Amino acid sequence: MALIAAGAATAEAERPNIVFIMSDDHAYQAISAYDGSLNQTPNLDRLAAEGVRFDRCYVTDSICSPSRACILTGKYGHRNGVTNNYTKFDGGQVTFPKLLQRAGYQTAMIGKWHLGSDPTGFDHWDILPGQGKYYRPDFRTADGQRAVDGYVTDVTTDLAVRWLTEQRATDKPFLLMMHHKAPHRPWDPAPDKLAAYRGREFPQPATFDDDYQGRASAARLAEMRIEQMRPSPDLKIWDDDDRHRRWLYKHMSDAARAKWEQEIDPRWEQWAGGNDPRVGDPPLQKRRWMWELYLQDYLACVDSVDESVGRVLATLEEQGLADNTIVVYTSDQGFYLGEHGWFDKRLMYEQSLRTPLLIRWPAASSVEAGRVEKQIVSNVDFAATFLDVAGADVPDAVQGRSFLPMLSGQTPPDWREDLYYHYREGPERDHAVARHEGVTNGRLKLIHYYETSEWELFDLEADPHEVRSVYDTPAYAERQTRMHHRLGELRKELGVPDPTPNGPVALGQ
């Protein structure tokens with residue numbers, strides 16, 4: 001059994017439980033264990049303080065469905081078949097929940113699924129159809145669909161807590177996947193959070209006014225600038241006849257609606273009436289006002305997720321399960337919170353590529369509380385790691401590797417030094433982001449926009465904000481060649497089909 005040297009017991013009843021909590025679009029910048037300049041997340045910080053914080057957890061494709069399919073299978077999108085948000089996941093594939101079932105685990109999936117097909121490999125599932133709704137959300141099981149009164153983060157947590165306390169088998173180890181909708185667009189906060197960040201001064205990102213010069217055209221052409229947000233529903237700027245307002249309020253309780261009318265409806269007067277100086281000229285002043293509204297709502301959604309984590313931790317303690325339960329928190333990818341003037345994700349810049357990862361396992365005495373791991377891990381590694389935790393075999397077809405030894409500070413001698421990335425959805429879909437692939441080792445990052453034959457190379461030590469590509473710069477010629485070579489090696493190792501219409505990717509001079 002491949003467990004940490006501290007020695008979790010091998011008896012089935014003592015194998016560790018796994019609680020895998022994943023949110024949607026939660027930027028690491030919005031977890032105070034990583035940053036702290038925007039908000040405070042005490043329950044997530046507790047996971048970091050009592051476990052391990054991973055600082056270089058990179059995704060293989062920064063978009064929702066491909067990330068989820070990658071996690072389930074331990075394979076890149078070209079192997080699991082999900083390369084965009086519009087492809088139904090083939091549930092007949094081997095996934096880590098199925099393998100955990102075979103290893104004697106009880107498995108449950110509650111919350112956001114977003115893979116088109118019904119979940120397989122779970123003894124219990126209760127999921128949000130599609131993207132899900134923030135208020136009076138629908139949930140679907142094998143027996144049908146029903147609407148549940150309340151706020152989606154609270155309802156998801158209620159269902160997970162009920163499964164832990166009333167529905168799970170007590171004679172088996174378990175996997176519980178609790179996956180939140182929040183803080184996904186349109187960032188609708190809970191009623192008690194609506195004013196949490198009102199009037200808060202946020203530090204403006206260094207690249208907020210990025211002019212997109214000195215790089216490939218993809219950054220300039222991407223349609224995810226703050227000023228491209230929709231007044232409704234993104235910023236909740238609406239009049240009495242706004243369709244989204246009517247739809248949203250219809251799903252609320254009277255008390256919740258009254259709170260929204262008090263806190264949110266006045267935004268229309270500021271926008272349309274021009275009685276707030278931030279809405280007037282110059283345009284950049286208005287843009288900052290829009291960004292502030294975005295952050296207020298986004299961070300308020302994060303507050304509810306943080307409280308949810310606290311509730312789950314308290315439930316594990318009350319049930320006597322805390323010590324031998326691994327609690328994992330992550331997001332399906334990173335997110336821009338104004339960096340480069342953007343919201344959303346997709347492009348292979350750090351805020352999109354990098355996702356939070358916090359892991360706590362009290363029973364493993366070799367896990368040094370509060371340790372920070374700097375090695376590159378990825379969401380493609382989650383399946384192998386969870387199987388390793390359970391002492392189950394990892395299929396050869398899995399492309400990720402277990403990073404379980406890293407919880408105790410033991411990096412395998414042949415651990416990866418870089419990671420391959422590939423965004424395939426394309427500019428004809430949401431946000432007009434060009435298809436691209438790349439490789440990063442945490443210091444250098446090479447990106448190829450193969451449909452426009454453009455390249456970028458960033459030195460993250462000299463240029464941490466990624467505003468100046470040094471591609472074809474003489475001083476970087478040798479390093480550029482090495483990165484080209486490594487990109488070609490990784491494509492071959494991973495079996496990546498040729499993405500270019502005119503032959504193989506050029507490997508440099």
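**Entry 1: the whole chain**

I began with the secondary structure of the protein, which comes to 13 helices and 16 strands. Its radius of gyration is 23 Å, close to the 23 Å that the globule rule gives for 509 residues, so the protein is as compact as a globular protein of that length. I keep in mind throughout that this is a predicted model. I then looked up the box that the C-alpha atoms fill along the principal axes, and it is roughly 70 × 65 × 40 Å. Of the 509 residues, 61% count as buried, and the protein exposes about 19300 Å², of which carbon and sulfur atoms supply 45%. I also checked the contacts between residues at least 6 apart in sequence, and 68% of them join residues at least 24 apart.

**Entry 2: Gly51**

I turned next to the loop between helix 1 (42-50) and strand 2 (52-54), where Gly51 is found. Is Gly51 buried or exposed? Gly51 counts as buried, because its relative accessibility is 0%, and the cut-off for that word is under 20%. I then asked which residues Gly51 touches, leaving aside those up to four places away in sequence. The list I noted for Gly51 is Ile359, Arg360, Val367, Glu368, Ala369, Gly370 and Arg371. For one of these, Arg360, I looked up the C-alpha separation from Gly51, which is 4.1 Å although the two residues stand 309 residues apart along the chain.

**Entry 3: helix 2**

I looked at how far helix 2 (residues 64-73) is covered, and I found that 10 of its 10 residues are buried. The buried residues run from Cys64, Ser65, Pro66, Ser67 and Arg68 to Ala69, Cys70, Ile71, Leu72 and Thr73. What covers them includes the strands 1 (17-23), 4 (106-112) and 8 (174-179), together with helix 3 (77-80), helix 4 (96-102) and helix 12 (382-390). Just after helix 2, I noted that Gly74 takes a positive phi of about 70°.

**Entry 4: the cysteines**

How many disulfides does the structure hold? I found 0. Why does Cys64 form no such bond? The closest cysteine sulfur to that of Cys64 belongs to Cys70 and is 13 Å away, which is too far for a bond, given that a disulfide needs the two sulfur atoms within 2.5 Å. Cys64 itself counts as buried, at 0% relative accessibility. I then checked Cys301, which is in no disulfide either, the nearest cysteine sulfur being that of Cys64 at 14 Å. Cys301 is buried as well, with a relative accessible area of 0%.

**Entry 5: the sheet of strands 13 to 16**

My last look was at an open sheet of 4 strands, whose order is 13-14-15-16 and whose pairing is antiparallel. At its edges lie strand 13 (419-423) and strand 16 (454-459), each of which pairs on one side only. From one strand to the next, the twist averages 15°. I followed one pairing in detail, that of strand 15 (residues 444-449) with strand 16, which is antiparallel and extends over 6 bridges. Within this pairing, Leu444 stands opposite Asp459 in strand 16. I finally asked what lies across these strands, and noted helix 13 (residues 477-494), which crosses strand 13, strand 14 (436-440), strand 15 and strand 16 and runs at about 110° to strand 14.

Conventions. Residues numbered from 1 in each chain as written. Predicted model: local features only at pLDDT ≥ 70, side-chain atom pairs only at ≥ 80, totals over all residues. Heavy atoms only, no water. Pairing = 2+ DSSP bridges. Helix = DSSP H or I, 4+ residues; strand = E, 2+ residues; numbered from the N terminus. Axes fitted to C-alpha atoms, helices over the stretch in contact; angles between N-to-C directions. Contact = heavy atoms within 4.5 Å. Buried < 20%, exposed > 50% of the residue type's maximum accessible area, 1.4 Å probe, protein only. Rg over C-alpha atoms; globule rule 2.2 N^0.38 Å. Areas by Shrake-Rupley, 256 points an atom, 1.4 Å probe, with all protein chains shown as cover.
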